[in-house]
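Hi,

Here is the structure I promised to pass on. Have a look at it first, and my notes follow underneath.

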Amino acid sequence: MAQLPLTSQPSRSRIMIFSLIAATVIWLFNELNKGGYTLQVRYPINLTYNDSLYIPITPLPKTVSAVLTGSGWTLLRKSLPFTTPPVSYPLNNPLAVSTLNTTALASIMSEQVKDVRISHVVLDNTHVDFEERVVKTSLLKIDSLRLNLSPKFVVSSIINLRPNSVTFDGPASLVSDIADTIMVRVPAKKIRGNYDEELPIRYPQSPLLKASAERVFVSFEVAEYFGSIVPTVEKEKTVEPKKKETPVKQKPKRKRKSSK
């Protein structure tokens, strides 16, 4: 019997490999088309609420562990997070909610997630904590009592602040602690020239608190004063006591003699 050329033996090996791959793919496609598979996946969720009125002060859950039952292809699509839209879990009154109801979440998922059956839902953290969202504007003012100037130097212009106010947005527990007027302290010592610097605005730092400005530009002019400042002391006015007027004694009137 004639033998195949040596050059044809690698071709037969490639054909066998391609055939094995094709058979595997066909088998995999047939298996994925079947139903009745069960898979536990991390499914994305999105808690919806009125974010103009409420703000969460603890991190909200982003995913839920769910047991899905369905066909292989469907479960494969559901297991890929970038191909599945998150389940929307509405919170009508977040201030009245402290824990998430997994039974209600399973019912919501059954309505929104199609082509599968959801048999079990587990949240890593069911606790939620919301506060009322508050917006407040505070005025900025220079702490003039701690302004350190060189001797015989005075501020000779208006102290400019840009901006002259800052608006805060955050939970009520943080915003309520911010004063209506925030004092800006100038750290420079023995100032003897015109001042123009950018200074930080001091307020309680928190990732939940947003401020319209983090720094403020402070500028003012300084001049040397050549005069002498003499403190004026008002003299106390002495009130002399009024002299008592001595009553003048009136002489008794003489009776006139009647002429007969």
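Seven nonpolar residues, four charged ones and no polar ones: that is how the lining of the largest pocket divides up. Bear in mind that this is a predicted model. The charged side of that lining includes Asp 143, Arg 146, Arg 185 and Arg 202, while Ile 182, Met 183, Val 184 and Pro 187 are among the other residues around the pocket. Its volume comes out at about 170 Å³. Strands S10 (181–184) and S11 (195–200) each put at least two residues into the lining, and S10 gives the most, with three.

Those two strands turn up again in the largest nonpolar core, where S6 (130–142), S9 (165–171), S10, S11 and S13 (215–220) each supply at least two residues. This core has 23 residues, and Leu 140, Val 216 and Val 218 have the most contacts inside it. S13 gives the most to the core, with three residues.

What does Leu 140 touch, leaving out residues up to four places away in sequence? Its partners include Leu 161, Pro 163, Val 166 and Val 216, as well as Ile 182, Val 184 and Ile 201, three residues that also line the pocket. Apart from this core lies another, of 22 residues, among them Tyr 89, Met 109, Leu 123 and Phe 130.

As for the whole chain, there are four helices and 14 strands, and 27% of the 260 residues count as buried. Of the contacts with a separation of 6 or more, 77% are between residues 24 or more positions apart. The chain exposes about 19,800 Å², with carbon and sulfur atoms supplying 56% of that.

Cheers

Notes:
Residues are numbered from 1 along each chain as its sequence is written. This is a predicted model: local features need pLDDT of at least 70, side-chain atom pairs count only at pLDDT 80 or more; totals for chains, interfaces and linings use all residues. Side-chain values use heavy atoms; hydrogens and water are left out. On a 1 Å grid over the protein atoms alone, a cavity is a set of points where a 1.4 Å probe fits but cannot get out, and a pocket is an open set with protein on both sides within 12 Å along at least five of seven lines; lining residues have an atom within 4 Å of a point. Grid points are joined across faces, edges and corners, and a volume is the space filled by probe spheres set on the points. Buried means under 20% relative accessible area, exposed over 50%, partly exposed in between (1.4 Å probe, protein chains only). Contact means heavy atoms within 4.5 Å. Accessible areas come from the Shrake-Rupley method with a 1.4 Å probe; for residues, only the protein chains shown count as cover. A nonpolar core is a set of buried Ala, Val, Leu, Ile, Met, Phe, Trp, Tyr and Cys residues joined through side-chain atoms within 4.5 Å.
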